[in-house]
Amino acid sequence: MQKCVDAAGHITLTSGECGAGDQLVARYDAVPEPVSVAPAATAERRAARVSGTPRGSAAGRLGSGRSAPRARAKPDACQAARARREKTLQRVGLKRTFDLLRKLDDEVWAACR
């Protein structure tokens, strides 16, 4: 990593060489950190939560469309809460308030968790 300063005093940090007319002020050893797999796993869990697929269910693993009997009631309540939210937002239109949005989102969150 190199720190370069131009004639106007602007500082540039670059991994390449300083530009024409720039003065090299400092050089730093920079080693990028390795990328972990955890962010991808977190994204998959978040996507499963948003889609309504229960984590760890057969539907989430195999895509068979079937889930454990215990998990069936939960997506139905979740889908119903989402449908109520959408119906209310369509009815209210652009006159929605933060408090209304928060209330609707809280209801969906409670039904879907």
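Start by selecting G9 in this predicted model. You are now in the hairpin of strand 1 and strand 2, which has five residues between the strands, and G9 takes a positive phi near 95° there.

Next, colour the two strands on either side of that hairpin. Strand 1 covers residues 2–5 and strand 2 covers residues 11–14. They run antiparallel, and four bridges join them. To see one facing pair, pick K3 in your viewer: across from K3, in strand 2, stands L13.

Now look for another partner of strand 1. Select residues 23–27, which form strand 3. Strand 1 and strand 3 also run antiparallel, joined by four bridges. Here, show Q2 and R27 together: R27 lies in strand 3, and Q2 stands opposite R27.

Time to zoom out and show the three strands at once. In what order do the strands of the open sheet lie? The order is 2-1-3, with antiparallel pairing. Strand 2 and strand 3 stand at the edges, and each has a single partner strand, so one side of each is left without a neighbour in the sheet. Turn the view a little and look for the twist, which averages 30° from one strand to the next.

For the last stop, switch on the surface and select M1, I11, L13 and Y28. These residues make a nonpolar surface patch of about 410 Å². You have already met L13, the residue opposite K3. M1 sits in the segment before strand 1. How exposed is M1? M1 is partly exposed, because its relative accessible area is 40%, and partly exposed covers the range between under 20% for buried and over 50% for exposed.

Key:
Residues numbered from 1 in each chain as written. Predicted model: local features only at pLDDT ≥ 70, side-chain atom pairs only at ≥ 80, totals over all residues. Heavy atoms only, no water. Pairing = 2+ DSSP bridges. Patch = residues over 30% accessible without salt bridge, like charges linked within 9 Å, V, L, I, M, F, W, Y side chains within 5 Å. Areas by Shrake-Rupley, 256 points an atom, 1.4 Å probe, with all protein chains shown as cover. Salt bridge = Lys/Arg side-chain N within 4 Å of Asp/Glu carboxyl O. Buried < 20%, exposed > 50% of the residue type's maximum accessible area, 1.4 Å probe, protein only. Axes fitted to C-alpha atoms, helices over the stretch in contact; angles between N-to-C directions.
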